[in-house]
Amino acid sequence: MLAAVLTFAGSLLVALAVVTLVHRVIRRIGRRSDLFAGLARHAHKPAVVVAVLVAVQFSLGLVARGDWRPGLLHATGIALILAGAWLLASLLVVIEDATLARIRVDVSDNRHARRVHTQITLVRRVTVVVVSVLAAAAVLMTFPSARAAGTSILASAGVIGAIAALAAQSLLGNVFAGVQIAFSDAVRLDDVVVVEKQWGRIEDITLTYVVIHLWDDRRLILPTSYFMKTPFENWTRTQSALLGTVELDLDWTVPVEDLRQELRHAMEGTDLWDGRVCVLQVTDAVGSFVRVRALVSASDAGRLWDLRCVAREHLVAWVRSKHPSALPQVRVRDLPRAVDGRVVEQPSNGSADNRVFGDSADGQERVQAFSGPEQPVQPR
């Protein structure tokens, strides 16, 4: 009994000493390497658990005797499988984090970087799920009854697969859509999108759902299959630079060329403008107003929104202060008025034929038919 205890304690101390020594070496190297720093941070605890379980199983294999030995070895083996899966998943996470650290997204044109980040993030989740499933399968296979049932399970795999596919149709559809999103480049992390009439950025993409960070700090959560079935706007799929418009309804007297020069002056005075596009045009002239549209450009969606607000405020202030007559206004025409019981027509510079029915006797009869008899004005 004493020998068994000494063997167990000795193997445990050796395992812990080896893990501690390796951890210190890796942590020292990690001062100069992000990969080893992540390895020391994430893989230390699972490595300790694996080392302890290996020491326990080694000790049991050497000195343990009795009926309890097979059961204890079986339990230790199951724990070792689970700890090994934990260690393997940690190593995969470390490798993926080190890869992501090398790809910077804080640059002006980060489309490729965001695509790689999206793919690596989804691959990480897939690998963790695969490792977990394999570990669970390995644990089940340690039981003789589970191995015996494996043959019949495989024999009816077609029926079970059909039932599972029908039962988990929505879940599997979202999972496949998530994988397709990762490699189709339709949407990536940090993309600016308009979904369900909401503007926001892609904050997270999982195998089953996508989180959109809206402009007012709300989160819109949609299933991944939504992006495979429903049209949506992606403002940054090819590049982050965008165009934006500012529309004003002004009076017909607005000096368009001066307004165009003032827009150029406003754009040159702000660092939000990227210098690509600065155009002002009259896009409509119907009714009492003319519609003026300013087209400006910015390097990304957030700066474009601020730039549009700057352009709108500057143009409104300029028109109000420099050309108040160009502000929107409605013109009215004086109508005939009654004086002493008879209608007094307003002086007209044009011909009498410019009226709807003319100034002939027949025209006057038509006027009476459409407007009714004249009402005399009661004397005061």
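# A tour by selection

Select Asp190 and Arg201: their side chains form a salt bridge, 3.7 Å from N to O. Asp190 sits in the loop between H8 and strand E1 (192–195), and Arg201 belongs to strand E2 (residues 198–205), so the pair ties together parts that are 11 residues apart in sequence. A salt bridge here is a side-chain nitrogen of Lys or Arg within 4 Å of a carboxyl oxygen of Asp or Glu. Helices (H or I, at least four residues) and strands (E, at least two) are DSSP runs, numbered from the N terminus.

This is a predicted model, where local features need pLDDT of at least 70, side-chain atom pairs count only at pLDDT 80 or more, and totals for chains, interfaces and linings use all residues. Residues are numbered from 1 along each chain as its sequence is written, and side-chain values use heavy atoms, with hydrogens and water left out.

Colour the pair by accessibility. Asp190 is partly exposed at 34% relative accessibility. Arg201 is also partly exposed, with a relative accessible area of 28%. Buried means under 20% relative accessible area, exposed over 50%, and partly exposed in between (1.4 Å probe, protein chains only).

**Whole chain**

Zoom out. The chain holds 12 helices and 10 strands. It has 380 residues, and 30% of them count as buried. Its exposed area is about 24200 Å², with 61% supplied by carbon and sulfur atoms. Such areas come from the Shrake-Rupley method with a 1.4 Å probe; for residues, only the protein chains shown count as cover. Now turn on contacts (heavy atoms within 4.5 Å). Among those between residues at least 6 apart in sequence, 62% join residues at least 24 apart.

**Two surface patches**

Select Arg24, Arg27, Arg28, Arg31 and Arg32. Together they form a positive surface patch. Centre on Arg31, in the loop between helix H1 (2–29) and helix H2 (34–42). Arg31 counts as exposed, at 70% relative accessibility. Patch residues have over 30% relative accessible area and no salt bridge; like charges are joined within 9 Å, and nonpolar side chains (Val, Leu, Ile, Met, Phe, Trp, Tyr) within 5 Å. Lys and Arg count as positive and Asp and Glu as negative, while His and the chain ends are not counted. Each charge is placed at NZ of Lys, CZ of Arg, CG of Asp or CD of Glu.

Next, select Val123, Val126, Val130, Leu134, Val179 and Phe183. These make a nonpolar surface patch with about 480 Å² of accessible area together. Helix H5 (111–141) and helix H8 (169–184) each supply at least two of its residues. H5 gives the most, with four. Stop at Val123, in helix H5. Val123 is partly exposed, at 34% relative accessible area.

**More salt bridges**

A search of the whole structure finds seven salt bridges. Select Arg218 and Asp216, one such pair, with N to O at 2.7 Å. Arg218 is partly exposed at 41% relative accessible area, and Asp216 is partly exposed at 30%.

Move to Asp274 and Arg276. Their closest N and O atoms are 2.7 Å apart, again a salt bridge. Asp274 is partly exposed at 30% relative accessibility; Arg276 is partly exposed at 44%.

**Positive phi**

Most residues other than glycine have a negative phi. Select Asp217, where phi is near 70 degrees, a positive value. Asp217 lies in the loop between strand E3 (209–214) and strand E4 (219–223). At 55% relative accessibility, this residue is exposed.

Then pick Glu196, with a positive phi near 55 degrees. Glu196 is in the loop between E1 and E2. Its relative accessibility of 48% makes Glu196 partly exposed.

**Two ends of a tour: Ser299 and Val319**

Select Ser299, in the loop between strand E8 (289–298) and helix H11 (301–322). Ser299 is partly exposed, with a relative accessible area of 30%. Leaving aside neighbours within four places in sequence, Ser299 contacts Ser240, Ala241 and Asp274. Draw a C-alpha distance to Ser240: the two are 6.2 Å apart in space and 59 residues apart in sequence.

Finish at Val319, in helix H11. Val319 is buried, at 1% relative accessibility. Beyond neighbours within four places in sequence, Val319 contacts Leu250, Leu259, Pro324, Ala326 and Leu327. Add Pro255: its C-alpha is 9.3 Å from that of Val319, and the two are 64 residues apart along the chain.
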